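Please open the model in a viewer and keep the selection panel at hand. The tour proceeds from one chain to its contact with another.

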Amino acid sequence: MIQKTYTLGNKLGIHARPAAELVKLAGAYESKVTIVAGEKRADAKSLLMVMSLGAKMGQIIELTVEGPDEADAMQAFDTLIGNNFNEA
Amino acid sequence: MVGIVIVSHSEQIAEGIKTLAAQMAGANQKIVAAGGMTDGSIGTDAIRISEAVATADSGDGVLVLVDLGSAIISTETAFEFLEPEVAARVVIADAPIVEGAISAAVQASIGATLAEVKAAAEMAKAMQKL
C-alpha cells in the first residue's frame, strides 16, 4: 500500500474534467485507488464519487493505492496531479 | 467495451450529451445519439434507437440513457427489433440523462462491465450538486 498527500494546485480543483482524468488513469491499473478529501472518501474508479468530493484548489487530498501495480500507478498519479491535471 | 446510446426527444439534446460525454470519456468510447424523429421533429423513433443500439454494440453490451415518457416505450420497442443475442445484452439506465451518460461513458471507457456501467449511471440519481 502506498499513500501520498497532495495540495491541489489547479484553479477549479477536481471538477468534472480532472475527475474524469483521475478515473481513467485509475481504471488503467489493477490496484484499488482511494482518494480522501476532508471527511469524504471516494473510489477513484467512480467518476461521480470523485466529483462528489468537491475538492477545491488549495485543499489537501490523500491518495491511497493498493495492489500488484501500485508503484506504477502511484507514479502515474504523481505526474497527473503534479501537472495540475494538465490545466492552469 | 460497453457502448452507450442516448435517447432524447430532441436530436440536439442527444447530440449535445454525446459530445459532452465523449469529451469526458475520450474518443475511443462508443457513444451513439438517437434523438428526435428522422424529419428533425421532436419525438422518439424505435427504428432509429434500434439502429443506434446495433451500432453501439461491440459484443460487451449497450447501456441506453433515456429522457422522458415515450423515450422509454420507444426504447423497449426498439429492443424487439434487435437480433435476440444483441437484445439480451442491452439495458435501460434508470438515471438522469446528462449526468448518467457522462458517468456511464467514463466507466465504460475504463473497461467496466455492463452491470458496472449501469450502476455508475444510476449513481447519478443520488448525487448532490450543492
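**A tour of chain A and its contact with chain B**

Begin by selecting chain A and colouring it by secondary structure: this predicted model shows three helices and four strands in chain A. Trace the chain from the N terminus, and the elements appear in the order β-α-β-β-α-β-α.

Next, display the C-alpha atoms of chain A alone. Along the principal axes, they occupy a box of roughly 35 × 25 × 20 Å. The radius of gyration of chain A is 11 Å, which agrees with the value near 12 Å for a compact globule, because that is what 88 residues would give.

Now colour chain A by burial. Buried residues make up 36% of its 88 residues. A contact map of chain A is a useful companion here: among contacts with a separation of 6 or more, 70% join residues 24 or more positions apart.

Then bring chain B into view and select the residues at the contact. How many residues does the contact take from chain A and from chain B? Chain A gives 11 residues and chain B gives 14 residues. On the side of chain A that touches chain B, select α1 (16-27) and α2 (47-52), each of which supplies at least two residues. The largest share of that side comes from α1(A), with six residues.

Finally, recolour the side of chain A that touches chain B by residue class. Five of its residues are nonpolar, three are polar and three are charged.

Notes. Residues numbered from 1 in each chain as written. Chains lettered and ligands numbered in written order. Predicted model: local features only at pLDDT ≥ 70, side-chain atom pairs only at ≥ 80, totals over all residues. Contact = placed C-beta atoms within 7 Å. Nonpolar A, V, L, I, M, F, W, Y, C, P; charged D, E, K, R; others polar. Rg over C-alpha atoms; globule rule 2.2 N^0.38 Å. Buried ≥ 20, exposed ≤ 12 C-beta atoms within 10 Å, placed from the backbone.
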